[in-house]
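I opened this notebook to keep a record of what I looked up, one entry for each topic.

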Amino acid sequence: MTAVVQKTALTGCLAPIDKQGLEQLIASGKANPKVIKTLKCKTVAEGKFRHANYIRNLAPYIVDEPAGLLGDDTAPNPSEASLAALGSCLAVGLHANAVHRGWTVNKLELELEGDLNITAVWGTGDVSEKPVGFTDVRVKVDMECEGVPQAEIAALVEHVKKWSPVANTFMRPVNLDVGI
C-alpha cells in the first residue's frame with residue numbers, strides 16, 4: 001500500500017484548505033518577514049451614495065448607504081463593510097491557524113457590532129468635538145473544533161486578534177494620505 005499525500009486539510013463544515021499551500025505561505029513569511037504588499041482598490045461613484053469598488057479583476061464590490069442615510073439601501077454602507085472586513089480577516093486567521101494546528105473545524109461564525117456617532121453627517125452636520133468612526137467594536141466568535149477545549153479556542157482567538165491585519169488597523173493609528 002502506498003502512502004497518499006493529503007493536500008487539503010478537511011474541516012467539518014468549511015471547504016478544505018490546501019494545507020501544503022498554507023505551509024508554503026508560512027515558510028515564505030518566515031523567510032522574508034519584512035515584505036510589504038500594496039493592495040489597491042478603485043472606487044467609482046455611481047449615483048446617490050452607491051459606489052462600485054474595483055479590486056483586482058473581481059466583479060465590483062458595491063457599497064451604498066441605507067435609506068435612512070439617503071442611499072438606495074442596495075449594499076452594506078462603508079462602516080458595515082469595514083465590520084465585514086474585520087470579521088472575514090479574523091475568520092481567515094482562525095481557520096488557517098486551526099488547520100495549521102491539525103484541528104478539525106466544525107463551526108466558525110463571528111458576530112460583529114460597532115458603535116459610532118453619525119451626527120456629523122460626513123462633516124456637514126454637527127461637527128463639534130467628538131470621536132468620529134467606531135468607538136467600540138465587539139466580536140463574538142462561535143468556533144467548534146473536534147476534541148479542542150474552549151480554553152484552547154479562546155487562546156487561539158487572542159492569538160489571531162494579535163496577528164490580524166484588519167484588527168490591527170482598527171486597534172492602532174495608521175498613516176493616511178488623502179489628496180488630489
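**Entry 1, the sheet.** I began with strand β4, residues 50–54, and found that three bridges join β4 to β5, the two strands running antiparallel. Looking for a specific pair, I noted that N53 has Y61 in β5 as its bridge partner. I should record here that the model is a predicted one. I then asked in which order the strands of this open sheet are arranged. The sheet has three strands in the order β3-β4-β5, and the pairing is antiparallel. Because β3 (42–47) and β5 are at the edges and have a single partner strand each, one side of each has no neighbour in the sheet. For the twist, I looked up the angle between neighbouring strands of this sheet, which is 25 degrees on average when direction is ignored.

**Entry 2, the core.** I turned next to the largest nonpolar core, which holds 16 residues, and asked which of them touch the most other members. These are L94, W103, L108, M143, C145 and L156. As for where the core comes from, α2 (78–100), β6 (105–117), β7 (133–145) and α3 (150–163) each contribute at least two residues, and α2 gives the largest share, with five. As general background, nonpolar side chains in soluble globular proteins tend to be buried together. I followed C145 further and listed its contacts, leaving out residues up to four places away in sequence: W103, T104, V105, N106 and I153.

**Entry 3, helix α1.** I checked the length of α1, residues 19–31, against the expected rise of 1.5 Å a residue. The expected span is 1.5 Å times one less than the number of residues, so the 13 residues of α1 should cover 18 Å, and the end C-alpha atoms are indeed 18 Å apart, in agreement. At the start of α1 I also found a side-chain oxygen of D18 that comes to within 3.1 Å of the backbone nitrogen of Q20.

**Entry 4, positive phi.** I looked for residues other than glycine with a positive phi, and noted L70, whose value is about 70 degrees. L70 sits in the loop between β5 (61–63) and α2. Is L70 buried or exposed? Its relative accessible area is 60%, and since exposed means over 50%, L70 counts as exposed. I also noted W122, not a glycine either, with a positive phi near 55 degrees; W122 belongs to the loop between β6 and β7.

Technical notes:
Residues numbered from 1 in each chain as written. Predicted model: local features only at pLDDT ≥ 70, side-chain atom pairs only at ≥ 80, totals over all residues. Heavy atoms only, no water. Core = buried A, V, L, I, M, F, W, Y, C linked by side-chain atoms within 4.5 Å. Buried < 20%, exposed > 50% of the residue type's maximum accessible area, 1.4 Å probe, protein only. Contact = heavy atoms within 4.5 Å. Polar contact = N/O pair within 3.5 Å; in protein donor to acceptor, adjacent residues only side chain to side chain. Pairing = 2+ DSSP bridges. Axes fitted to C-alpha atoms, helices over the stretch in contact; angles between N-to-C directions.
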